[in-house]
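Below is a guided reading of one protein model, with attention to a helix and to two pockets. Please have the sequence and the coordinates open while reading.

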Amino acid sequence: QKVQKVERNYPKALQLFQEVERHVPSVGLWVARAAVMCAQCDKAIMLTLRILKNDEQNTDALYIRGRALFFSGDVDQAVKHLRECVRLDPDLKMAAQDLKMMRSVQEALKSAADYNLKRRFEEQVDTITDVLSKTEYPPRVPILATLYASRANAQLRLQNYPKVLEDCQEALKVRDDCKDAWIARASALMALGREGEARNELANLLNNMFQNDSLVRHWYDKADMLARKKVRPDYYAVLRVSHIATEMEIKNAYRARALECHPDKVMGQGDDIEKKADADFKMLGEALEVLGDPAMRGHYDEGYDKAAIDQRVEAARRAGRGDQHGQGHGGHSHRH
């Protein structure tokens with residue numbers, strides 16, 4: 001109920017204070033205070049900086065700026081501002097209480113980072129959960145996106161994929177450009193067998209807010225490969241050979257299967273049967289083409305489908321022709 005009240009009243013207060021500020025500049029602190037509670041932390045930081053340039057010992061400005069820094073995610077700077085505020089006015093109870101809370105959060109975040117490095121992910125999750133309960137956060141302040149995305153990544157390492165999706169959803173409610181949350185979400189979707197969904201979301205990000213982003217591109221390529229892999233033919237099953245079959249075993253298996261599945265065997269048995277036999281025979285040839293070539297088989301075993309394999313083979317051929325051309329040109333220049 002408190003969060004709902006904050007969310008309902010402060011936007012109106014901010015609007016009114018901004019209207020008054022045009023005529024009464026001293027209202028700036030109230031604008032900054034309301035801006036913090038409306039998740040407009042950058043605005044509050046800018047307004048309080050303007051005040052502190054004229055009066056660096058203004059405890060109200062230090063306090064509000066410290067809160068704005070904290071809710072924006074800059075906890076270390078927030079602690080510095082609140083410490084200075086309490087030093088200037090030890091009787092400012094709200095500042096002292098918030099300083100105690102921020103120091104506690106600061107230590108907890110350090111512990112969470114340490115747990116992550118030591119791969120103690122359950123303790124990392126518990127610590128971040130504790131941080132989220134340490135204070136009443138205004139709706140949609142940036143630090144919430146950071147905390148939820150961090151917990152989502154810890155849950156990802158624990159393979160708690162539904163929890164990952166929950167935390168990513170909370171992070172993205174706060175900041176729809178939270179890249180860590182998008183990547184963690186895509187990873188969880190892929191782990192849950194929802195590769196196509198992950199691919200579509202990442203493609204949308206690449207076309208919009210994360211154009212030319214190499215990390216998002218990397219995860220898109222991975223999701224795309226997994227989605228294609230899911231629907232590609234199993235060439236080993238087509239030829240009825242194991243994944244460790246030798247090249248000779250693959251060729252022998254093809255010959256045996258080709259005799260068994262040759263379209264001539266069903267000639268005159270109807271269009272549907274003949275079309276299926278043609279498709280099966282074509283698939284046999286495709287399986288031999290891919291598994292009978294070491295380079296193409298290597299790409300297939302990595303997870304690529306036929307279309308992606310052909311692209312990679314063609315790219316390698318073009319690169320090879322370019323190298324040969326470059327060497328020939330170099331030799332020609334040397335002779336001259």
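The paragraphs below take up a helix and then the two pockets in turn. The model is predicted.

Start with helix H2, which spans residues 28-37. This helix is mostly covered, with eight of its ten residues buried, that is, under 20% relative accessible area. The buried residues are Gly28, Leu29, Val31, Ala32, Ala34, Ala35, Val36 and Met37. After H2 comes Ala39, which has a positive phi, near 65°.

Met37 leads on to the largest pocket, since Met37 is among the residues that lie nearest the centre of that pocket, together with Tyr63, Arg67, Met94 and Asp98. In total, 15 residues line the largest pocket. Two or more lining residues come from each of H2, helix H4 (59-72) and helix H6 (93-117). The space in this pocket is about 390 Å³. Its lining divides by class into nine nonpolar, two polar and four charged residues.

The second largest pocket holds about 210 Å³ of space. Its lining has 13 residues, and those closest to the centre are Ala112, Asn116, Gln124, Ile128 and Ser150. Which elements supply at least two residues each to this lining? They are H6, helix H7 (121-132) and helix H8 (142-157). H8 gives the largest share, seven residues. By class, the lining of the second largest pocket has seven nonpolar, five polar and one charged residues.

Helix H6 is thus a contributor to the lining of the largest pocket and also to that of the second largest pocket.

Technical notes: Residues numbered from 1 in each chain as written. Predicted model: local features only at pLDDT ≥ 70, side-chain atom pairs only at ≥ 80, totals over all residues. Heavy atoms only, no water. Buried < 20%, exposed > 50% of the residue type's maximum accessible area, 1.4 Å probe, protein only. Helix = DSSP H or I, 4+ residues; strand = E, 2+ residues; numbered from the N terminus. 1 Å grid on protein atoms, 1.4 Å probe; cavity = no way out; pocket = protein on both sides within 12 Å on 5 of 7 lines; lining within 4 Å. Points joined across faces, edges and corners; volume = space filled by probe spheres on them. Nonpolar A, V, L, I, M, F, W, Y, C, P; charged D, E, K, R; others polar.
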